[in-house]
Amino acid sequence: MRIDTVATLEDIKNEHIDNRTVIVIDVLRASSTIVTALESGFTSVIPVKTKTEALAMRSLNSIVSGEWHGKKLDGFDYNNSPSILQKKTTHTGKELILTTTNGTRAIEKAASANKLLIGCFLNASSCIKEAINQNRNLTLYCAGTRGEFALEDGLAAGLMVSIIRTRVPSTETCDFSKAMETCYLQLAKRLPDILFSTITGKRLFENLNSEDIKYCGQVDISNIVPILIENRIVSIHPS
Ligand SMILES: O=C(O)[C@H](CS(=O)(=O)O)OP(=O)(O)O
């Protein structure tokens with residue numbers, strides 16, 4: 001098994017996707033929102049690229065959620081806040097239609113992967129369990145933020161690399177994966193506080209989203225793995 005880590009939305013190539021398992025990592029906040037939505041009772045999450053598409057898909061059985069550059073969109077039910085979604089208990093059985101600046105675009109770009117999973121700190125170990133079950137080469141696809149590398153995504157990728165190395169010591173990795181693993185092992189004790197110092201963390205803090213930053217920095221509080229099946233993200237529990 002080989003792991004490659006891709007640093008930003010724009011850096012993905014066909015060779016990172018074809019015949020591979022891809023884990024889309026967008027810690028702040030799309031991946032964390034998707035894991036939380038499925039944990040909170042939504043039956044599925046439908047990722048879409050634009051606000052117009054999201055509003056056009058709205059139905060009685062759906063909630064429309066998302067942001068552009070961190071801000072809630074006009075006409076939407078919620079923004080992209082996992083900590084707010086977590087507190088709502090009234091959405092059991094509904095679909096979440098989600099559009100975000102980076103995460104949902106990353107999902108769209110990698111949709112042709114053999115298996116596309118959604119990962120973050122919240123479900124890192126379960127994601128890796130499923131990736132190992134799939135037994136294919138693996139791409140950790142960091143969505144980044146507005147074209148730039150996002151440290152929180154790199155740290156979650158580093159955590160996943162370290163988990164795989166423990167379970168499958170023969171795993172080969174690219175140098176960037178090794179760098180992220182080292183970085184994670186150095187900074188792990190400073191989670192979730194380290195997330196306040198990243199570019200996205202600072203931006204979310206300025207927009208009064210501190211609760212999301214703390215929430216998204218928790219490791220392995222969920223054992224579900226979101227997986228893309230025909231344009232819908234549903235949850236599986238790896239055995
Ligand atoms: O969750 C968010 O607010 C971010 C916005 S950005 O990183 O500040 O552009 O979107 P996401 O797609 O979840 O990275």
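**A tour from helix α2 to the β10–β11 hairpin**

Begin by selecting helix α2, residues 30–39, where nine of the 10 residues are buried and the helix is mostly covered. The model on display is predicted. The buried positions of α2 are Ala30, Ser31, Ser32, Thr33, Ile34, Val35, Thr36, Ala37 and Leu38. Beyond the helix, select Gly41, which follows α2 and has a positive phi near 110°.

Next, display the ligand together with its surroundings. Its shell holds 17 residues, and the closest are Arg29, Ala30, Thr100, Thr101 and Asn102. Ala30 thus appears twice on this tour: it is among the closest residues to the ligand and is one of the buried residues of α2. Colour the shell by residue class to see nine polar, five charged and three nonpolar residues.

Proceed to helix α9, residues 199–206, and highlight its buried residues, Thr200, Gly201 and Leu204. These residues lie on the same side of α9, because they cover an arc of only 100° around the axis. In general, an α-helix has 3.6 residues a turn, so residues three or four places apart point the same way. To see what the buried residues of α9 pack against, add α7 (151–167) and α10 (210–216) to the selection. Leu208 follows α9, and its phi is positive, near 65°.

Finally, select strands β10 (residues 225–229) and β11 (residues 232–236), which run antiparallel and are joined by five bridges. One pairing to locate is that of Val225 with its bridge partner in β11, Ile236. The two strands form a hairpin with two residues between them. In the turn, select Glu230, whose phi is positive at about 45°.

Methods. Residues are numbered from 1 along each chain as its sequence is written. This is a predicted model: local features need pLDDT of at least 70, side-chain atom pairs count only at pLDDT 80 or more; totals for chains, interfaces and linings use all residues. Two strands pair if DSSP finds at least two bridges between them. Helices (H or I, at least four residues) and strands (E, at least two) are DSSP runs, numbered from the N terminus. A residue is near a molecule or strand if its C-beta atom, placed from the backbone, lies within 6 Å of it. Ala, Val, Leu, Ile, Met, Phe, Trp, Tyr, Cys and Pro count as nonpolar, Asp, Glu, Lys and Arg as charged, and the others, Gly among them, as polar. A residue is buried if 20 or more other C-beta atoms lie within 10 Å of its own, exposed if 12 or fewer, and partly exposed in between; C-beta atoms are placed from the backbone. The arc is that of the directions from the helix axis to the C-beta atoms. Two residues are in contact if their C-beta atoms, placed from the backbone, lie within 7 Å.
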